[in-house]
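Welcome! Take a moment to turn the structure around before reading on, and then let us walk through it together.

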Amino acid sequence: SGFNSIGHMDTMLRERHHIGHYKEGEEFIQNVFHVLFPLFSGKEKSELSICWLQYEISKIGQCLQTKNKKKLKAQGRKSKKLAKNLLKAPDNRNHLSLWRLYAYLEWLLGNTDDARKVFDTALCTAGTEGLKSPQLCSLSLLYAQLEVELLESLEGVVMSRAVHILTKLTENGTYVPYSGQVLSVNVLKARKAYENALQDYLSKTVVSDQGQVSDANQLVNLVGCYALFQYLTVGIDAAVLIYAQTSEKLKASGPQKRENTGQNFCIQNFPTALEAVTLLHTNLLRFHMKISVYPLNPLREALTEALKRYPSNQSLWRSYIHIQRKSHSASKARRFFDCVTRSTNSLEPWLFAIQAEQMRKKLTENVQRADVGEIHCTIPETGLANRIVALFEHAVQSENGTHCPLLWRMYLNFLV
């Protein structure tokens, strides 16, 4: 009973208290970590610590999803204890990625002030490399993103903590915690520094594969910081422009090699970088639409283009379904799903197409059954049910679908 629930079936309709790991499955995973931990040292041990903490954060996410405060409190205590023990290890004390995850954990638990202290401490001890340090960029980006999510409007945002964090990142000095104001001259200097750093990254070349991966991550963090900085100090159009320019450059520097030297372009390993930049772009548009008036079309176009390129990206599909729910016409989304499923072997487009129709069916039934008490609607919604069955049939006939237990279980669940 413990192991079948490790891969949760989030698409199933379940009671809230079923979400999450069963006790036996949870004990199994904890035992794996405890057994593996003494076998590693140095960098590998730090990587394992990161995996462990990410797993704990995923459990906090589940507790938040179920809105179970009692369980959240208990889980929070366990996760914080583990995080502190991991950070006490000599190898991990200066490991910025672990500090970043610990601060994020505190933030998720609602301890905003404690999380800020952890972020500030980590930034103060992180050295003075500024934009040249991938870990420092990653830490600053997450801190600034979390601060921006607290905003209710964009009034007076230039003086906010998020702008302070992104400005300090460019100064190559020791970080100074936020004191309530940001100097205009520092904002201007920071903009110039970001612009120069991004130009340097997009124009340089590297040879080694290892260098490429870290360069790709660094480029994504840099673009994220610069675009967020522009969004807060200039506006949404300035941020979108940076994403557009970076994406064009990344697409143009595809997998070709330099003719003479045989060196790869630096942006070569970059289907991953392009995908990550696209995700940042769509997330920013979604956030902006939440706090101010902005047309839906730019987001819809960005998502449809991205999904044709990355049909197995679940975050992009979730965003796409989220915006399509607001539309009264399903035909455009159906055509798009049909187009993507024909052109790829990925299973995600099928799963999300089915989920979108199931959500539409549920909405229709809720409307039909409104305000009539126990008497249910006598006219069943057969059109959507037939469409969903047809989607399942096509999906299980595809090469990947035939071997996907989740798909078969969803199909059985729907038929029941």
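Of the 416 residues that make up this protein, 45% count as buried. Please keep in mind as you look that this is a predicted model. The protein has 18 helices and zero strands, so you can follow the chain from helix to helix as DSSP assigns them. How do contacts spread along the sequence? Among those between residues at least 6 apart in sequence, 61% join residues at least 24 apart.

Now let us look inside. A search of the whole structure turns up one cavity of 30 Å³ or more. The volume of the largest cavity is about 90 Å³. Which residues lie nearest the centre of the largest cavity? They are L136, K168, L169, G173 and Y175, out of 13 lining residues. Two elements, α6 (134–149) and α7 (161–169), each give two or more residues to this lining. Of the elements, α7 gives the most, with three residues. As for the character of the lining, five of its residues are nonpolar, six are polar and two are charged. If you would like to find this spot on your screen, L136 and Y175 are among the residues nearest the cavity centre.

Next, let us visit a single residue, T341. You will find T341 in helix α14, which covers residues 331–343. Is T341 buried or exposed? Its relative accessibility is 12%, and because buried means under 20%, T341 counts as buried. The side chain of T341 also reaches back to the backbone oxygen of F337, at 2.9 Å. Leaving aside residues up to four places away in sequence, T341 touches P349 and W350.

Our last stop is the cysteines. A disulfide is a covalent bond between the sulfur atoms of two cysteines. How many disulfides are there in this model? With a pair of cysteine sulfur atoms required to lie within 2.5 Å, the count comes to zero. Two cysteines are worth a look for their surroundings. C63 has a relative accessibility of 5% and therefore counts as buried. C339, by contrast, has a relative accessible area of 37%, so C339 is partly exposed: this value falls between the 20% limit for buried and the 50% limit for exposed.

Conventions. Residues are numbered from 1 along each chain as its sequence is written. This is a predicted model: local features need pLDDT of at least 70, side-chain atom pairs count only at pLDDT 80 or more; totals for chains, interfaces and linings use all residues. Side-chain values use heavy atoms; hydrogens and water are left out. Helices (H or I, at least four residues) and strands (E, at least two) are DSSP runs, numbered from the N terminus. Buried means under 20% relative accessible area, exposed over 50%, partly exposed in between (1.4 Å probe, protein chains only). A polar contact is a pair of N or O atoms within 3.5 Å; within protein, one must be able to donate a hydrogen and the other to accept it, and residues adjacent in sequence count only if both atoms are side-chain atoms. Contact means heavy atoms within 4.5 Å. On a 1 Å grid over the protein atoms alone, a cavity is a set of points where a 1.4 Å probe fits but cannot get out, and a pocket is an open set with protein on both sides within 12 Å along at least five of seven lines; lining residues have an atom within 4 Å of a point. Grid points are joined across faces, edges and corners, and a volume is the space filled by probe spheres set on the points. Ala, Val, Leu, Ile, Met, Phe, Trp, Tyr, Cys and Pro count as nonpolar, Asp, Glu, Lys and Arg as charged, and the others, Gly among them, as polar.
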